[in-house]
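Reader: Hello! Could you take a close look with me at one helix pair in this model and the charged contacts around it?

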Amino acid sequence: LRRRAAIFAERSEWDDLIETLQRLVDAGAGKLTPEELAEIHAQMALVFAEQLDRSYDAIESWRHVLEAAPRDPRALDRLEALLKQEERWQEVVEVLEQRVELLADAEDQIAVWREVADIWKDNIGDRSGAAVALESILALNPVDVATFEELEGVYTDYERWDELVALYGRRYQILEGDNRQR
């Protein structure tokens with residue numbers, strides 16, 4: 001089957017290639033390593049997206065890649081791009097949340113959380129949904145005044161008083177700590 005797949009790819013016979021790769025996945029169930037499975041699904045995703053203009057199928061194939069290899073940055077990048085193209089914003093948020101787990105650097109994490117907050121506000125139209133991302137930014141950088149003020153506004157506008165009180169409490173502790181250091 002692998003040989004047939006290579007021949008179909010060489011001849012640009014995309015539908016036959018997809019069918020053969022799917023048969024390879026089905027025949028190899030339980031026998032293929034996660035890496036092999038991820039690579040086959042990645043090949044299918046690329047064909048769906050780049051040759052057949054079938055975004056939905058490409059998205060599903062990238063999801064299969066992530067099932068086999070959850071930390072695959074290429075799959076996250078491609079899936080994110082396709083979901084943005086299709087304007088499937090809540091799913092974009094889910095991919096970004098997966099991505100942030102892979103990042104070691106706090107500044108990189110903050111950038112991704114900022115993008116999540118912006119998508120909630122600008123694309124989904126739900127400022128309240130941005131609260132988790134904003135809280136995550138403050139957990140990484142508690143002295144970020146702009147994020148504090150934005151989160152304060154969200155909690156106030158949506159009358160989330162308990163969260164607002166907790167936010168003020170954390171802010172007070174930070175300010176107290178700064179005063180003690182002086």
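**Helices α7 and α8, and the charged pairs beyond**

Author: Happily! Helix α7 passes α8 in a left-handed crossing. Please keep in mind that this is a predicted model. Helix α7 covers residues 106-124 and helix α8 covers residues 131-140; their axes come within 8 Å and cross at roughly 160°. Angles over 145 degrees count as roughly antiparallel, and therefore α7 is roughly antiparallel to α8.

Which residues make the contact? On the α7 side they are Ala 106, Gln 109, Ile 110, Trp 113, Arg 114, Val 116 and Ala 117, and they meet Ala 133, Leu 134, Ser 136, Ile 137 and Leu 140 of α8. Sorted by class, this contact has nine nonpolar, two polar and one charged residues.

Arg 114 deserves a second look, as this α7 residue also takes part in a salt bridge. Its partner is Glu 150, with the closest N and O atoms 2.9 Å apart. Since Arg 114 sits in helix α7 and Glu 150 in helix α9, the pair ties together parts that are 36 residues apart in sequence. The two partners fall into separate accessibility classes: Glu 150 has 17% relative accessibility and counts as buried, while Arg 114, at 24%, counts as partly exposed. The cut-off here is that buried means under 20% relative accessible area.

Salt bridges that share partners also build a network, which joins Asp 77, Glu 80, Lys 84, Arg 99 and Glu 115. A search of the whole structure finds 19 salt bridges. In general terms, side chains of opposite charge can pair when their charged atoms come close.

Two further pairs are handy for comparison. Arg 88 and Glu 91 meet through their side chains in a salt bridge, at 2.8 Å from N to O; Glu 91 is partly exposed, with a relative accessible area of 21%. Arg 63 pairs with Glu 60, and there the closest N and O atoms are 3.9 Å apart. These two residues are three apart in helix α4, so about one helical turn separates Arg 63 from Glu 60. Both ends of that bridge are partly exposed: Arg 63 has 23% relative accessibility, and Glu 60 has a relative accessible area of 27%.

The α7 and α8 pair has a useful counterpart in α1 and α2. Helix α1 (residues 2-10) and helix α2 (residues 14-27) have axes that come within 8 Å and cross at roughly 160°, and α1 and α2 are therefore roughly antiparallel to each other. Their crossing is left-handed. In this contact Arg 2, Arg 4, Ala 5, Phe 8 and Ala 9 of α1 meet Trp 14, Asp 16, Leu 17, Thr 20, Leu 21, Arg 23 and Leu 24 of α2. By class, that gives seven nonpolar, one polar and four charged residues.

Finally, a word on backbone angles, which you may want to inspect. Glu 159 is not a glycine, yet its phi is positive at about 55°. Glu 159 lies in the loop between α9 (145-157) and α10 (161-181), and it is exposed, with a relative accessible area of 57%. Asp 53 also has a positive phi, of about 50°, although it is not a glycine. The loop that holds Asp 53 runs between α3 (34-51) and α4 (55-68), and at 63% relative accessibility Asp 53 counts as exposed.

Notes. Residues numbered from 1 in each chain as written. Predicted model: local features only at pLDDT ≥ 70, side-chain atom pairs only at ≥ 80, totals over all residues. Heavy atoms only, no water. Axes fitted to C-alpha atoms, helices over the stretch in contact; angles between N-to-C directions. Helix = DSSP H or I, 4+ residues; strand = E, 2+ residues; numbered from the N terminus. Parallel < 35°, antiparallel > 145°, perpendicular 65-115°, else oblique. Left-handed = near helix turned anticlockwise from the far one by under 90°. Contact = heavy atoms within 4.5 Å. Nonpolar A, V, L, I, M, F, W, Y, C, P; charged D, E, K, R; others polar. Buried < 20%, exposed > 50% of the residue type's maximum accessible area, 1.4 Å probe, protein only. Salt bridge = Lys/Arg side-chain N within 4 Å of Asp/Glu carboxyl O.
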